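Trainee: Could you take me through a single part of this model in some detail? I would like to follow the environment of one buried side chain and then the strands around that part of the sequence.

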Amino acid sequence: MTASPGPPMPLPLPPVLPPAGPGAGSPRRPGRPPGAADLLAQGLLARTDAIAAVTEHDGPDGRTIRARVAGGLDLEVLPDRGFDIGRVTVGGWPLSWVSPVADHRALDVPAGDAWLDRFVGGLLVTCGPENIGPATGRAGLHGSHHHRPGRLLERCAGVRDGVPFARMAGTIEYAAVFGPSARVERVIESSVDSDGAAVLRVVDDLSNDGPGAFPAALLYHLNLGAPVLLPGTTIRWPGTRRVEREPCPAVPDPSTMPGPTDEITESVVAHHDPLVDPDGLVRVLVTAPDGPSVELAWSADTLPYAYQWTLPTRRRWALGIEPASAPLFGPDRSRPGAGAPLVPVGGVRRHELRITVSAPGRPGWW
């Protein structure tokens with residue numbers, strides 16, 4: 001593995017992405033452009049950071065870490081916003097949803113519905129841990145994670161097994177004087193697979209140092225926008241039973257994006273009992289008409305709840321796929337701790353997300 005310099009502070013975790021598939025470092029197939037291994041082997045690149053790089057920036061909206069992988073994603077990680085993932089592009093086209101809200105400043109205490117005043121979008125917005133969903137007497141809408149500062153532990157980029165990659169790791173603290181001290185150690189890795197699809201993987205290890213058990217209510221708001229999201233884009237869940245939070249006439253069929261409306265409205269749907277693949281993942285496929293597809297997958301055992309948010313309004317147009325460790329609404333919400341699982345003292349709970357972006361290979365798409 002050849003990597004560009006970065007802080008030598010690796011997390012005690014295995015490499016996030018599995019080894020590249022068969023043929024990843026072998027001679028390229030006829031008709032396909034040369035890969036990273038070909039260019040390096042032929043001496044056509046002087047530096048690996050030409051095809052994979054991680055850089056840090058400070059600006060008026062806070063710190064940003066940019067990760068760029070040739071043939072894959074160009075993304076920004078936001079350390080001051082819970083180490084979440086902001087804007088993401090593929091071939092110059094947006095993949096993530098961009099909100100009309102432009103104020104990126106984190107809130108000291110996101111009480112009530114103030115969370116919405118800073119909802120600028122992005123590919124990954126983490127909700128919790130005090131609460132997910134509507135504000136309660138205990139915590140505001142969607143909790144505080146997205147407004148907590150993260151600490152960068154590691155960043156590196158380079159070529160591994162002939163495949164370019166970028167990797168970032170950080171930690172987000174949840175600590176209270178009169179409560180447990182818990183933390184999330186997050187690893188984000190971007191790469192490409194042997195078929196040339198862009199791959200992004202996020203692994204969270206939530207650990208509890210005590211005293212007392214820690215209620216782990218976390219929801220991962222994965223947000224897509226145009227051009228993946230168009231009228232007619234399909235959203236395929238594996239064998240789920242759908243329950244709407246309330247009817248939304250503007251979204252008559254949650255499995256297909258409707259035409260846009262000028263009405264400000266939203267559809268929120270729970271997907272119960274999805275099929276789980278042999279790898280222990282739930283996989284949802286979002287496919288644009290004659291365009292790219294995005295597969296969103298997550299660890300079914302630790303993220304047993306899943307929701308779909310559709311915002312069909314013009315100039316707000318968005319889709320959110322939301323795996324969660326706890327219920328957002330429904331009867332399970334009446335259980336102790338609003339149904340959040342408890343992490344015991346000394347315990348670790350792992351949540352995993354995988355996003356794969358594929359294109360049909362025709363002009364006009366990345």
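What follows is a close look at one histidine, then at some strand pairings and an arginine.

Trainee: Which residues is H271 in contact with, leaving aside its neighbours within four places in sequence?

Mentor: Bearing in mind that this is a predicted model, start with the strand that holds the residue: H271 belongs to β16, which covers residues 267–272. H271 counts as buried because its relative accessible area is 4%, under the 20% limit. Once its neighbours within four places in sequence are set aside, H271 is in contact with W237, T240, R241, R242, A306 and Q308. Two of these partners also make side-chain polar contacts, since the side chain of H271 is joined to that of W237 at 3.3 Å and to that of Q308, again at 3.3 Å.

Turning to the strand pairings, β14 (residues 234–236) runs antiparallel to β17 (residues 281–287), with three bridges between them, and I235 is placed opposite V286 of β17. On pairing with β18 (residues 293–299), β17 is again antiparallel, here over seven bridges, and L285 faces E295 in β18. The hairpin formed by β17 and β18 has five residues between the strands, and D290 in its turn has a positive phi of about 55 degrees.

A second buried polar side chain is that of R201, in β11 (residues 198–208); R201 is classed as buried because its relative accessible area is 11%. The side chains of R201 and E352 share a polar contact of 2.5 Å, although the two residues are 151 apart in sequence, with their C-alpha atoms 7.4 Å apart in space.

Conventions
Residues numbered from 1 in each chain as written. Predicted model: local features only at pLDDT ≥ 70, side-chain atom pairs only at ≥ 80, totals over all residues. Heavy atoms only, no water. Helix = DSSP H or I, 4+ residues; strand = E, 2+ residues; numbered from the N terminus. Buried < 20%, exposed > 50% of the residue type's maximum accessible area, 1.4 Å probe, protein only. Polar contact = N/O pair within 3.5 Å; in protein donor to acceptor, adjacent residues only side chain to side chain. Pairing = 2+ DSSP bridges. Contact = heavy atoms within 4.5 Å.
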